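Hello,

Here is the structure we talked about, with the sequence alongside. My notes on pockets and cores follow below it.

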Amino acid sequence: MDRTDRLLDRAGLASREGILIHKPSNMFYLSGYTGEGLLIAAPGLKAIVTDSRYTEQAQRQSPGFEILTIETGVSHFTLAARLCARQGIHSLRYEDDHVTVKGYASMQAAMSGIIFTSLENLPEQMRVVKDGTELALMQKACDISCKAFDYILGFIKPGQTEKQIELALNFKMFELGAETLAFNTIVAAGPNGSLPHAIPGERKVESGDMITLDFGAKYQGYCADMTRTVAVGKPKDEMRRIYEIVLRAQTTSQDALAPGKNCVDIDRIARDIIAGEGYGQFFGHGLGHSLGIDVHEDPRLSPVSQAKLETNLVITVEPGIYVPGLGGVRIENSCVITDTAARSLVSAPRELIIL
């Protein structure tokens, strides 16, 4: 049973009911297709509706699917409506968290008579637990990222800009086999480290700076995510202390990962350590997030998450302290939950590296 069949089975569709997929990540997960369009599935039907730019690509990537191509005056929704009529489908479950108001209106206009109901994130729920192939691809993405990190340690020097470091790091990931980046690389030097999602700019690295590097390769559709904070020359005493606090929060909470654990409880471990050292107000984001095809997936390690960890789920552990005017530290590993604990997919050392 392939993933689309498992989705249909899990959805428990009523008679004459089908599923309509818009999200590129869900289309890829279900069919292997990486282009634009729609995916429609129902008992006895697996189809992709696309345009002429992607027809051959869809045929190659999704051999088990019927491929339909739009033409002038015939939209994606028009072809979808014809498929529904052919199959006797009167109701479709769709991704109501993704389709815009305008898109929904167009869908209704082209598919009059179809009843639309929420898919309720069923594909995302299936994606939470990774299979062996997915884990191997994520390990490869993390290996590429770690090798790029090793390279950039020898590249960083005072006088270079954040942008120069970002470009060198990105190029190295591509050179090592990344198909693209999992997300926009963050390079934050000195006081810019207080911005958790800093945009690399023209600030030049100075001796004594701490530099936060948050980056990840994407390999055959799957993401890596890692963060390391390094020092260029001797850092300030407070920054070194902050580093040790974040390191303790990261290692302690990562060591607590195990199947069945509550996400909120893991988040609390790191939060309590940081707050206990007087920096609680400087750690505002959640401790981590799942990842896979998308770099941010559910569940999350956060103060409000009621989810539990499951075996073969991949999740980040990334506490940070961000002090305006001073700088910041974040340390992050992507970890796979094992039968009894967790294993980091990131091999780079977590101890402070002084360049």
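The lining of the largest pocket is a mix: seven nonpolar, eight polar and six charged residues. This is a predicted model, so please read everything here as computed from it. That lining has 21 residues in total. His197, Asp214, His289, His296 and Glu318 lie nearest the pocket's centre. Two strands, β13 (288-290) and β14 (297-301), each supply at least two lining residues. The space inside comes to about 340 Å³.

Next, the second largest pocket. Its volume is about 250 Å³. Its lining divides into one nonpolar, four polar and seven charged residues. Among them are Lys23, Glu124, Arg127, Asp294, Glu297, Asp298 and Arg300. Val128 lines this pocket too. α6 (122-127) and β14 each give two or more residues to this lining. Note His296: it lines the second largest pocket and is also one of the residues nearest the centre of the largest pocket.

Now the interior. The largest nonpolar core holds 64 residues. Phe149, Met173, Ile211 and Leu213 touch the most other members. Helix α7 (residues 132-153) gives the largest share, eleven residues.

Which residues does Phe149 contact, leaving aside its neighbours within four places in sequence? They are Leu169, Leu213, Phe215, Met226, Arg228, Val230, Ala348 and Ile353.

There is also a second, separate core of 33 residues. Leu247, Cys263, Ala270 and Ile274 are included in this second core.

Best wishes

Technical notes: Residues are numbered from 1 along each chain as its sequence is written. This is a predicted model: local features need pLDDT of at least 70, side-chain atom pairs count only at pLDDT 80 or more; totals for chains, interfaces and linings use all residues. Side-chain values use heavy atoms; hydrogens and water are left out. On a 1 Å grid over the protein atoms alone, a cavity is a set of points where a 1.4 Å probe fits but cannot get out, and a pocket is an open set with protein on both sides within 12 Å along at least five of seven lines; lining residues have an atom within 4 Å of a point. Grid points are joined across faces, edges and corners, and a volume is the space filled by probe spheres set on the points. Helices (H or I, at least four residues) and strands (E, at least two) are DSSP runs, numbered from the N terminus. Ala, Val, Leu, Ile, Met, Phe, Trp, Tyr, Cys and Pro count as nonpolar, Asp, Glu, Lys and Arg as charged, and the others, Gly among them, as polar. A nonpolar core is a set of buried Ala, Val, Leu, Ile, Met, Phe, Trp, Tyr and Cys residues joined through side-chain atoms within 4.5 Å. Buried means under 20% relative accessible area, exposed over 50%, partly exposed in between (1.4 Å probe, protein chains only). Contact means heavy atoms within 4.5 Å.
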